[in-house]
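Me: I've got this model open on my screen and would like a close look at one part of it. Could you take me through the sheet in the second chain, and then whatever else is worth a glance?

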Amino acid sequence: MRFNSLEFLVFAALFFLIWRYVKRNQSARWLWIMLMSSVFYGWWEWSYLWLLFVSGGIDFVSAWWIESFPRHRKKLLFFSMASNLGILGFYKYSAFAAENLNVLLQPLSLQVPIVNYALPIGISFYTFQSMSYTIDVYRGECKATRNILHFFAGLMLFPQLVAGPILRARDILPQLEPEPVPPDEQKRFEGLALIAHGYFKKVVIADNLAPTVTAAFGAHGLGVIESSAYWWAIMAMFAFQIYCDFSGYTDIARGLAKWMGYDFALNFNHPYSAASIRDFWSRWHISLSTWFRDYVYVPMGGSRTSPLRTHVNLWITMILSGLWHGASWRFIIWGALHAAYVSLERVTDWPRRILSLPLGRFIAIAVVLVQVLVAWVFFRAESMAQATGIIRVMFSFVSAPHDSLQPALAFLLLGIGYETWMCVRVQPFMLRTKGWMEPAGVACLLVAAVFFRGHGQNFIYFQF
Amino acid sequence: MLRDRSFQCVLFVIPLALLAYALRPETARRDDPDGIFWNKVSSPAVHDVVVAGDSRTLQGVSPQAMIQAGAGQKILNFGFNAACLNRRYLTAAAEKLDTGKKRCVLVIALTPLGLSRHSEAASNFNWYAKASGPELVFRKILTPIEHFVEPYQFREELKKVSVSHAQRFPDGWLASYVNEENSTLMHGMYRNILSKSPVAPELVADLARCIKEFSARGIRVAVFRMPSHWEHQQLEDEVSQWNEAEMKEKMVSAGAAWLQFDSRKYKYYDGVHMQASSASQFSADLAVQLQAAFK
């Protein structure tokens with residue numbers, strides 16, 4: 001079920017109507033979350049709901065046994081990780097692996113059959129969330145819950161189920177235990193404001209940019225339009241489309257959680273105002289980047305080893321992060337490019353040097369943006385040939401006639417203006433303005449989300 | 001409660017939404033004519049005249065213009081895209097009439113395509129007719145809300161839409177304003193369909209039986225061939241096996257009044273569908289002929 005659908009409005013109204021009554025009783029509360037989250041997920045495809053229960057069930061049992069049978073904790077952790085990664089690999093990466101294996105086996109005239117399975121929505125999100133629970137229990141950073149309803153209520157909590165933020169069990173399970181405190185006036189309004197901002201970003205900015213971006217990349221069969229300005233503009237549009245799409249989703253999720261009486265951590269913190277790539281990754285999809293930091297980068301030694309080993313750790317982490325997004329060489333290259341950027345930063349320390357210059361912060365932001373836009377080409381392109389063609393045109397600085405970019409250009413400017421306003425003036429945005437200005441501003445966003453909405457599109461991150 | 005900012009927000013939303021609605025130009029609305037059809041299928045049996053037919057009727061008959069010309073008090077345009085004039089469709093149209101009134105009239109606009117096997121499968125009416133009762137009630141509530149919250153149209157096509165656009169009316173008329181006329185635009189499509197799927201004699205026979213049954217129930221029936229550009233009419237005559245004299249005879253002997261129109265009086269943007277101004281004129285002419293036929 002999409003947040004930007006009529007069904008969801010009916011669903012949310014029903015959920016909160018009953019929530020008032022069930023939240024007092026622990027089991028009823030958890031059961032209600034599970035039931036409604038199953039409806040929320042099953043609305044897309046009921047037949048994949050079992051996968052969520054199997055993946056979660058493995059971690060629930062593994063974590064319990066890790067605590068109960070410490071002698072076998074390593075084996076149990078291995079079992080949990082192998083099962084989760086096996087399921088993820090089977091549905092998400094098996095076709096990609098088979099394709100690449102066939103290339104290697106070609107000289108031997110051997111072939112592996114390629115089977116494309118429909119990717120269960122949100123599989124990467126809930127698998128990672130579920131796995132982190134077992135790892136945290138293994139490390140002793142989190143107590144295993146003995147109540148399966150408690151565990152699944154945390155895993156399935158519908159606002160974050162299909163596109164994050166990736167919650168840590170140690171953050172969410174303790175919140176779910178006591179009766180949630182009814183949100184006071186401040187929390188209610190914060191929730192409403194987050195939801196309004198989320199919808200505005202998704203349906204006004206992202207959805208109005210989407211047709212132009214889709215048309216630009218969809219015309220790949222006709223060759224790449226030979227205009228640098230055109231592709232820089234398209235990439236800027238895509239950058240704002242994906243940002244507003246994804247951060248819009250998490251804003252709505254955080255707002256809904258607030259209304260339920262829970263808190264989800266910040267997932268985006270104005271990433272396009274980053275003054276270095278490392279800064280960018282501390283602001284972009286924070287729940288995923290911290291997941292990779294805590295469960296991949298740091299266990300490999302992180303930056304507490306030799307400089308060369310640190311670079312290797314970094315590259316492995318970034319490439320895996322790229323692969324998390326999808327089974328394609330384009331995502332791997334996207335991750336590798338970011339790894340190269342961070343490596344370059346570590347070697348040259350260019351952000352510090354630039355920041356010491358007059359207007360250094362603006363120059364640094366511009367340099368980061370150029371790097372990020374170039375990497376986004378690989379993320380969004382339909383093929384490697386198209387991606388390399390676009391990169392060539394972007395840096396050839398040629399000009400050629402192309403289709404009008406209106407009205408998407410206006411929405412790009414709106415997105416830039418909105419983000420600049422939010423970033424510069426309102427951090428956090430609810431706390432600065434006083435009196436009637438706040439509710440009036442939120443009302444404007446809600447009305448804009450209704451009357452200026454683009455054609456309803458699915459959230460981009462659902463596909464991951 | 002007034003100090004609650006969420007409540008204050010709702011208070012701000014109401015005037016802002018009304019303002020956004022009031023300022024939204026008709027031409028800047030998305031072309032989503034779905035609601036008009038839901039309205040038709042869920043319409044109650046309160047009409048004294050119902051006009052049935054395909055997309056030519058949908059775009060060519062303005063109930064408001066007919067009322068102004070004195071054809072009745074409550075008139076419904078029951079036209080659907082590619083509608084097949086079969087028993088199922090005609091029965092649904094007749095159900096919209098208030099048969100308690102003495103002077104209720106079912107008007108059937110014939111086209112060769114509407115009497116072909118092709119339209120029996122392609123009729124848009126089939127899709128809407130499948131809807132369940134609760135769905136229709138839900139739609140009935142939803143349609144005005146959808147209309148209210150329709151977003152502004154920002155796409156590049158707006159430039160074209162502003163000179164060629166469609167306007168929906170609650171009485172079932174879809175008014176078309178098209179800048180460039182091309183009387184042969186539909187020739188290829190019609191030739192292709194009608195040569196493979198000409199007028200079906202079984203459908204014509206069943207239409208005649210329906211008319212007899214309606215007449216027996218006290219419903220007066222008027223039938224005519226929906227006008228189109230003379231070149232198009234010629235094409236239809238050539239490929240569809242349409243025999244006007246024979247058709248007229250069958251309809252009249254079944255109990256219907258046969259109406260005749262001068263197709264050259266009206267403008268068709270694609271050779272078959274009328275411009276809005278011509279639809280108003282045609283509707284007034286239809287009203288006059290109905291009054292003459294059922295004096």
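Reply: Here's a walk through the sheet, followed by some helices and the contact between the chains. Keep in mind that this is a predicted model.

Start with the sheet in chain B. It's an open one with five strands, paired in parallel, and reading across you get S2-S1-S3-S6-S7. The edges are strand S2 (75–77) and strand S7 (257–259) of chain B, each with a pairing partner on one side only. From one strand to its neighbour the sheet turns by 20° on average, direction ignored.

Now zoom in on one pair. Strand S1 (residues 49–52) and strand S3 (residues 105–110) of chain B run in the parallel sense and share four bridges. If you want a spot to click on, B:Val50 sits opposite B:Leu106 in S3(B).

Helices pack on this sheet too. Helix H5 (residues 87–94) of chain B touches S1 and S3 of chain B, and its direction makes about 155° with that of S1(B). Helix H13 (residues 244–254) of chain B touches S3, strand S6 (220–225) and S7 of chain B, with its direction at about 145° to that of S7(B).

Over in chain A, have a look at a helix pair. Helix H3 (residues 49–68) and helix H5 (residues 123–139) of chain A pack at about 5°, their axes 9 Å apart. An angle under 35 degrees counts as roughly parallel, so H3(A) and H5(A) are roughly parallel to each other. On the H3(A) side the contact includes A:Leu52, A:Ser55 and A:Gly56, while H5(A) brings, among others, A:Tyr126, A:Thr127 and A:Ser130. Sorted by type, the residues of this contact come out as eight nonpolar, six polar and two charged.

Another one to pick out is helix H13 (residues 329–348) of chain A. Its 20 residues reach 28 Å from first C-alpha to last, close to the 28 Å expected at 1.5 Å a residue. Among its buried residues are A:Phe331, A:Trp334, A:Leu337 and A:Tyr341. The cover over the buried residues of H13(A) includes helix H12 (307–325) and helix H15 (360–380) of chain A. Just past the end of H13(A), A:Asp349 has a positive phi of about 55°.

Finally, the two chains meet: 21 residues of chain A are in contact with 17 residues of chain B. On the chain A side, helix H8 (185–218) and helix H19 (437–451) are the elements giving two or more residues. H19(A) supplies the largest share, 10 residues. By type, that side of chain A has 14 nonpolar, three polar and four charged residues.

Note on methods: Residues are numbered from 1 along each chain as its sequence is written. Chains are lettered from A and ligands numbered from 1 in the order in which they are written. This is a predicted model: local features need pLDDT of at least 70, side-chain atom pairs count only at pLDDT 80 or more; totals for chains, interfaces and linings use all residues. Two strands pair if DSSP finds at least two bridges between them. Axes are lines fitted to C-alpha atoms, for helices over the stretch in contact, and angles run from 0 to 180 degrees between N-to-C directions. Two residues are in contact if their C-beta atoms, placed from the backbone, lie within 7 Å. Angles under 35 degrees count as roughly parallel, over 145 as roughly antiparallel, 65 to 115 as roughly perpendicular and the rest as oblique. Ala, Val, Leu, Ile, Met, Phe, Trp, Tyr, Cys and Pro count as nonpolar, Asp, Glu, Lys and Arg as charged, and the others, Gly among them, as polar. The expected span of a helix is 1.5 Å times one less than its number of residues. A residue is buried if 20 or more other C-beta atoms lie within 10 Å of its own, exposed if 12 or fewer, and partly exposed in between; C-beta atoms are placed from the backbone.
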